[in-house]
Amino acid sequence: MSENNVSTLPTRVALERAQEALTRPGGALEDLGLDVEAIEAMSAEDVLRWSLRRFGRRIALSTAFGPEGMVLIDMLSRIDPTARIFTIDTQRLPTETYSLMDRVRDQYGATFEVYYPRPDNVDKLTTQYGFTPFYKSVGLRKLCCNVRKVEPLRRALADLDAWITAIRRDQVSTRAGAGKVEIDDKHGGIVKVNPLADWSSEQVWAYIRTHDVPYNELHDRGYPSIGCASCTRAVAPGDDPRSGRWWWEADRQGAECGIHTAPNWQV
Ligand code: SF4
């Protein structure tokens, strides 16, 4: 397959998915009057401008302060410094991530809304399964992700009509069909905006260098993708960038926290 085919395939899949949503009975994208093809053709900055105009205070950027999230924070600071940003603090993040969050506050003067896991859920999880349940089974790992990430995300999205994410199509196979705008059926049918859907990792890092955007110092120590400290490790040069996440799990297809796949595990 030529390089051109590789780069155009995700866009075609995204358009097919968007068109499927348009023709679905009660197709929400059509109801909202969204011109999906026009949005697909926009730059990331224009997608952000359009989404802020369209949804105002009913849209927020969700970020875990990865490289893509930092690009979007920088873009928003130039477009509308008052745009809403939220993050989920699992309370198990690396110290370097908390340091980066403070740098973002200092450098951009940004305030962000922070959602934490419910203490009663954490209490139940640790009482029943201990402090490192994620190493015991995939099911318990997903249960921990549900308690510390997925449930707080549901609360964060509860008062929103749309959310902005930093996902890119080539990060993992489950994101290959992501559109720049789509209906998020996993979260009540609100709109999900992915301005960097068609960006490559190289583009992200070129933006960071060009605009002197702060980033997590762990990236310089072999961590291309960073989650909780206990579930992330460095990878060798050339390895799959996400292979350091839940590295002990054999099924890499299932190696997602659930934020973008919205499972339904209960503690
Ligand atoms: S990444 Fe690990 S510690 Fe963090 S929520 Fe998921 S299982 Fe729990």
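**Exercise 1.** Work out how helices H7 and H8 are oriented relative to each other.

*Solution.* H7 and H8 are roughly antiparallel, a label for angles over 145 degrees. Here is how to get there. This is a predicted model, in which local features need pLDDT of at least 70, side-chain atom pairs count only at pLDDT 80 or more, and totals for chains, interfaces and linings use all residues. Residues are numbered from 1 along each chain as its sequence is written.

- Step 1: take H7 as residues 119-129 and H8 as residues 138-157.
- Step 2: the two axes come within 10 Å and cross at roughly 165 degrees.
- Step 3: the crossing of H7 and H8 is left-handed.

**Exercise 2.** Find where H8 bends, and say how enclosed H8 is.

*Solution.*
- Step 1: H8 bends by about 45 degrees at Asn146, the angle being taken between axes fitted to the seven residues ending there and the seven starting there.
- Step 2: 14 of the 20 residues of H8 are buried (20 or more other C-beta atoms within 10 Å of their own, placed from the backbone).
- Step 3: H8 is therefore largely enclosed by the rest of the structure.

**Exercise 3.** Compare the settings of Phe65 and Asp212: is each buried or exposed?

*Solution.*
- Step 1: Phe65 has a positive phi, near 65 degrees, and Asp212 has a positive phi of about 50 degrees. Most residues other than glycine have a negative phi.
- Step 2: Phe65 sits in the loop between strand S1 and helix H5, while Asp212 is in the segment after helix H9.
- Step 3: Phe65 is buried, with 23 other C-beta atoms within 10 Å. Asp212 has 8, so Asp212 is exposed (12 or fewer).

Definitions and conventions:
Helices (H or I, at least four residues) and strands (E, at least two) are DSSP runs, numbered from the N terminus. Axes are lines fitted to C-alpha atoms, for helices over the stretch in contact, and angles run from 0 to 180 degrees between N-to-C directions. Angles under 35 degrees count as roughly parallel, over 145 as roughly antiparallel, 65 to 115 as roughly perpendicular and the rest as oblique. A crossing is left-handed if the near helix is turned anticlockwise from the far one by less than a right angle, and right-handed if clockwise.
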